[in-house]
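Got your viewer open and a selection tool ready? Let's walk through a few places together, one selection at a time.

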Amino acid sequence: MSTGLVLENTARRDALIAIEKKYQKIWAEEHQFELDAPSIDDEPITIDSEELQKKYPKFMSSMAYPYMNGVLHAGHCFTLSKVEFSIGFERMNGKKALFPLGFHCTGMPILACADKLKREAEMFGKDYLNVPKEDEEEEAKPEAKKEESEDVTRFKAKKSKAQAKKGRGKYQFEIMLQLGIPREEVYNFADAQHWLTYFPPLCQSDCTSFGARIDWRRSFITTDGNPYYDAFIKWQMIRMKEAGKIKFGERNTIYSEKDGQACMDHDRSSGEGVTPQEYVGIKIEATEFAPEAKKILEEATELDHSKKFYFVAATLRPETMYGQTCCFVSPKIEYGIFNAGDSYYITTERAFKNMSYQKLTPKRGDYKPIIKVLGKHFIGSKIHAPKSIFSELRILPMETVIATKGTGVVTCVPSNSPDDWMTTKDLINKAEYHGINPEWVIDIEKIVPIIHTEKYGDLTAKKLCEDMKIQSPKDTNLLSEAKKLAYKEDFYSGTMVYGDYKGMKVEDAKNKVKAEMIAAGEAFVYNEPESQVISRSGDECIVSLEDQWFIDYGEESWKKQAVECLEGMQVFAPEVMNAFEGVLDWLKNWAVSRTYGLGTKLPWDPKYLVESLSDSTIYQAFYTIAHLLFKDYYGKEIGPLGIKPEQLTLEFFDYVFQHSDNTDNIDIPLRSLQILRREFEYFYPLDVSISGKDLIPNHLTFFIYTHVALFPKKFWPKGIRANGHLMLNNAKMSKSTGNFMTLEQTVEKFGADASRIALADAGDTIEDANFDESNANAAILRLYTLKEWAETIVNDTSKLRTGPITEFFDVAYEHEMNNLIEKTYHQYELTNYKNALKSGLFDYQAARDYYRDASVTMHKDLVLRYIETQILLLAPIAPHFADYIYREVLKKEGSVQNTPFPRATKPIDKSILAALDYVKALQRSIRESEGQALKKKKGKSADVDATKPVKLTLLISESFPEWQDKVIEIVSEMFANQTLDDNKKIREKIEPKEMKRAMPFVSLLKNRLANEDPETVFHRELQFNEVDAVKAALDKIKTAGQVLKIDEFVAVSFPNGSKVGKDIFTGAEVELPTHAQRVIDNAIPGTPGVIFQNI
């Protein structure tokens, strides 16, 4: 758990938590979140589903169901909160808002962990106490850093969840202890089924303590552990196979040459979860070998010297090949020269072995080199690199090249690779040390920009190395981090600035360059394991093309449907739409089966299991009927319709989900079938699926594909919301650093509502958000203070004013409340919860505070309306607190959960709001002027002596200066003609004598145009009467200062440029003060001049 913020006094928190527990119990007793479709007795089964939804509005949202190998953490909580806030808001809009949640158990992680516990029990005993001392000592050593997939743009199967949770522990039993499992209970988890009974109830308990509006009747575990869900997945698989979506054929898979078969997760002693990594092999032609290499090759009689020789460099970034400046080899690696058919490849034996099993070489499994050459002998060889702007390059040394990843040959692109940038600099500075001719290295000044990003400019690698203060090619950890940052930024935000695809986004150009190079015979695609995999037989595995069952994602007609669905969806952010479009462009077939783990057996080939992403695509549809089929997570208790799992035939699911009227082979009463269909067709389509952005390349895209394959078009999903990851206190969440909190720990520390407020305030964009513990702590104080204040006010309203609402601050506050209510409603609609919290809590309370200070006595109707609307605005985010105030303080009937969201009580008068803003700004201006008047000047006393009587003069300009009107006219015209960036033209249009004050004014207008509506900027007429506003708020204006007591107050209105004005109270003509010309000149309508002086 995060040590984080230490709470000194928890009395307020504890009082709020007591309220939360009370209302969670009340909601459960009231079955608040258990929602059903309108009954077929109330509405005929013949009514169209869309007509039914109009009559009874509905909303259904879900999140990616959590994996049951641990408890929920704050990251889960962040995604959960997005569903929560949307469900809460839509309930208040009068909709049946459904939030179901299941428990994901499919796949290999749980079984792999259970199997490890079995093996460890055999080694150390069932209490795991007999760990040998040497192992304990070894355990204390940090683990070697595992290789990671370098491709940040592609989904890769995560390491097993066991590995992800490993921390510093070496053994699985240690991981369980870290999860808080008592030692005497650890061996229970050696049975995989125990995980399925242990963690789901904890998940429900944690979500309930958070105040989640979940209909738990609809919850279930995946896998054949629930026979109803098992039947559903079998239906999905069979119907997709029949539709031609699931096929059998060659796919790249992890393979053991020694075993002669695919090496699935359970066949591995290490490397669980590792999948093939695709590279582009760049064929770099050797045009003239260095003397040592030339001699070795000439003596090799087995070589056919009429063939070309290619150094094969593995890259994930073909779009950067324009920027190649050399090719690196390791002086210490022994390279092979291999027969590639019409040419020879120079690479490592390990890499060529992978190629030989992927139909890239003349003979499968033939990977012995003709000859071997040490890397140092190739240094200085002349090469031709395809796409490079330089016609002739050299082979140069790179000490950090390894033989265990890629081909051992690295093409150098210093503009975009931090490693290459640092090595190039090192070679230039230490040419003699490296034993090379300095002329072989392309000078840094000649490096041509290939990609531009806003963050790093034209030379990504250079900027990153400078920013991260990387000093040497040996700074491997920093360079590894820089490499990831460079790749991500270039791919997601970069634009090509060189080559055939100049001006195109990198994510679009990448595949085009790749395809072009492959078509030209300059490159080829090959795969290898993304990190080392060792089979149980001790064989280091490779990637081989093998026959497999796979889902044919990317098939043109299916992809067209997926694109159509995506285009009709709400995705809430352009970055999300771009990400989906990118995935749909590259996503191809996906293995649908595994041989190890938990899950549903592939119906037509039961030696395989349906893999964990393929059985997690349409479970939202199953939510709609689950509560009618069974009563517990596991489907052991038959549900209210009395249907047994064996009755769920293919035709049953067709009837419910595909509106088929064929009831052959269905042994279920027609009325039950109709009830089930009603549930599905009422709640579907899913209104929004909410997940982390990392699920866009897999789960969420599969979700779109599978829905369009199996359901009628009107049931295609309507929305996807992807959020960023959650940081904790501005740092990445990590168990190893202690910066980590579970959902349970978060709620225990801050309570549910304060945690929910902090989560709402954490952020809404696709960028990473931040849960700040200080915000959660501040929310405790804010809620508790509001509770105490509301109780005090409601218990004694006798001190409040009654009667008509006519005074300036009463009228203004009423309109300000209405305005903020409408703003908050709009932000909730947009799912911008941080903004909703700002307008609906922070700004709303600030408005009340101002009104309280501005009024001698507050108006009873306005104060009570504030209390009621405040808790309703907050109800989607902090429902426990809101329901307490609603029921127990305001004595309202029913629950805040079902109360309509507030709306403005009358049209919002913008002129009144403008007048209020004017008064607030004037008060600030008076305080600032007071500070200046009391400030001692260098060598002089202050302008005003606070001990003597003081006069405050307001100078209210009735018109704008003529020179400003002329500048406005010039800027308006140039803005319309889109020439406003041309300062030279602006200067030509402005009179020379006005230049000094006009140009700063132009800059001010430009800044405003960047953020405001042009109509507002160019038409400056006030929406209110300035003199009337001053008179209405006179008492507050006179007392705006913090130090000076005002003995005399004068307000004078005057035409701009005049020497005299009119006293707004007496109407008398008044000469403007001659000693304050600058204040007079700066006064414009809406911004009066302020003068303090002693009388």
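Start by selecting S343 and everything in contact with it, where contact means heavy atoms within 4.5 Å. Leaving out neighbours within four places in sequence, you should find K307, K308, Y310 and F338 around S343. Before going on, note that this is a predicted model, in which local features need pLDDT of at least 70, side-chain atom pairs count only at pLDDT 80 or more, and totals for chains, interfaces and linings use all residues. Residues are numbered from 1 along each chain as its sequence is written, and side-chain values use heavy atoms, with hydrogens and water left out.

Is S343 buried or exposed? Its relative accessibility is 2%, so S343 counts as buried (buried is under 20% relative accessible area, exposed over 50%, partly exposed in between, with a 1.4 Å probe and protein chains only). Now show side chains: those of S343 and D342 are joined by a polar contact of 3.4 Å. The term stands for a pair of N or O atoms within 3.5 Å; within protein, one must be able to donate a hydrogen and the other to accept it, and residues adjacent in sequence count only if both atoms are side-chain atoms. Switch to cartoon and you will see S343 in strand β10, residues 343-347 (strands are DSSP runs of E, at least two residues, and helices runs of H or I, at least four, numbered from the N terminus).

Next, select the open sheet with the strand order β4-β3-β19-β20, whose pairing is antiparallel; strands pair if DSSP finds at least two bridges between them. At the edges stand β4 (261-262) and β20 (590-591), each with a single partner strand, so one side of each has no neighbour in the sheet. Zoom in on β19 (residues 542-551), which two bridges join to β20; F550 has A591 of β20 as its bridge partner.

Now for a helix pair: select α21 (650-657) and α22 (670-683), whose axes come within 8 Å and cross at roughly 50°. Axes are lines fitted to C-alpha atoms, for helices over the stretch in contact, and angles run from 0 to 180 degrees between N-to-C directions. That crossing makes α21 oblique to α22 (under 35 degrees is roughly parallel, over 145 roughly antiparallel, 65 to 115 roughly perpendicular, and the rest oblique). As sticks, show F652, Y655, V656 and F657 of α21, which meet L670, L673, Q674, L676, R677 and F680 of α22.

Finish at α26 (773-795) and α30 (879-889), which pack at about 10° with axes 11 Å apart, making α26 roughly parallel to α30.
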